[in-house]
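I opened this entry to look up how the strands pair and where the nonpolar residues gather. The notes follow in the order I made them.

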Amino acid sequence: MVVSFILFESASAQEYPVIFTSQKKGGNDELVIRYNEKQVQLTYHSAKDSSPHLSPDGRNIVFTSERVGWWKIWSYDLQTGKTTQLTKGRAADYSPMYSPAGKEIIFTSGRGGKSDLYIMNLDGSEVRNLTNSSASEGAAYWAKDGFIYYSANETGRYQLMRIKPDGTGKEHLSDGTADDLDPELSPDGKQLVYYSYKFGNPEICVMSLDTKEVIRLTNNPLLDIRPSWAPNGESIVFERGNKKDNQQIFIINRDGSGEKQLTFSGYNYAPVFMNNLGDMSRIKTEK
């Protein structure tokens with residue numbers, strides 16, 4: 001099935017398409033695109049699909065799936081609806097993301113006995129371990145400033161870290177007083193958005209890269225996790241819920257104001273904006 005989207009470069013953050021995972025009651029986890037109050041289911045496989053990320057050219061989505069067993073990395077061609085398996089093996093591979101140039105993919109894998117960050121070519125070849133440490137790492141974000149931002153529990157708690165794609169320049173960014181996870185650099189390169197247990201309950205925060213000042217954006221008894229910036233840096237999409245039977249997608253402004261709920265039922269998670277769809281106005285779904 002082909003679905004048409006009319007996209008505008010000047011759209012507000014709330015008008016950018018958001019892709020996320022929706023868990024159907026009694027069914028599996030499928031990728032869903034939401035745009036202008038409408039939702040379109042992208043994948044229809046009987047296995048679980050999760051953690052989508054759009055390629056810089058807007059042509060493909062990389063995601064993780066249990067289509068052939070435990071989590072593996074797959075790609076999805078939005079113009080043809082074709083899926084391709086990129087990783088194999090017995091370990092779980094997850095949280096994939098394209099490099100800013102669109103030539104490589106970074107992901108997390110337990111293939112070495114613990115969670116490390118790995119980089120591979122677009123076809124799944126030449127896989128290399130980037131971090132290869134005794135700590136567990138995950139949720140990498142490959143930024144345009146030349147660094148990969150991620151979380152690692154090198155000191156017993158998960159801290160915000162960054163490293164260059166060649167393995168040099170590793171740096172601790174947060175103070176290690178609480179678990180800080182899922183960092184993503186703002187489009188202007190000035191702030192990291194992430195979620196933190198600094199306040200007891202996980203809340204969405206932003207931290208200045210220059211001053212390390214932390215600003216709390218959410219304050220809710222439910223779990224606020226997995227934030228991601230809008231393409232213009234004005235808003236942040238995230239998920240909120242109890243991690244059991246109620247998990248919904250929300251958007252807030254970068255200062256914490258203007259909270260808006262996007263989904264209202266079921267279990268929805270791993271949201272990201274579709275940042276660079278370019279001139280592609282027709283998306284082919286799997287069905």
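**Strand pairing**

I began with β17 and β18, which pair in the antiparallel sense over 4 bridges. I kept in mind that the model is predicted. For one position I looked up the partner: Leu185 stands opposite Leu192 in β18.

I then asked which order the strands of this open sheet have. The sheet has 4 strands in the order β17-β18-β19-β20, and their pairing is antiparallel. At the edges I found β17 (180-185) and β20 (214-216), each pairing on one side only. On average, neighbouring strands here are turned by 25° against each other, with direction ignored. As a reminder to myself, strands of a sheet pair through backbone hydrogen bonds.

**Nonpolar cores**

Next I looked up the largest nonpolar core, which holds 24 residues. Which of them touch the most other members? I noted Ile106, Ile148, Tyr149 and Leu192. Several strands each supply at least two residues of this core, among them β18 (191-196) and β19 (203-208). β11 (116-121), β13 (137-142) and β15 (159-163) are also on that list. The largest share, 4 residues, comes from β14.

I followed Ile106 further, leaving out residues up to four places away in sequence. Its contacts include Ser95, Pro96, Met97, Leu117, Tyr118 and Ile119. Ile106 also touches Leu130, Ala140, Trp142 and Ile148.

Last, I recorded a second, separate core of 13 residues. Ile19, Leu42, Ile61 and Tyr76 are among its members.

Notes
Residues are numbered from 1 along each chain as its sequence is written. This is a predicted model: local features need pLDDT of at least 70, side-chain atom pairs count only at pLDDT 80 or more; totals for chains, interfaces and linings use all residues. Side-chain values use heavy atoms; hydrogens and water are left out. A nonpolar core is a set of buried Ala, Val, Leu, Ile, Met, Phe, Trp, Tyr and Cys residues joined through side-chain atoms within 4.5 Å. Buried means under 20% relative accessible area, exposed over 50%, partly exposed in between (1.4 Å probe, protein chains only). Contact means heavy atoms within 4.5 Å. Two strands pair if DSSP finds at least two bridges between them. Axes are lines fitted to C-alpha atoms, for helices over the stretch in contact, and angles run from 0 to 180 degrees between N-to-C directions.
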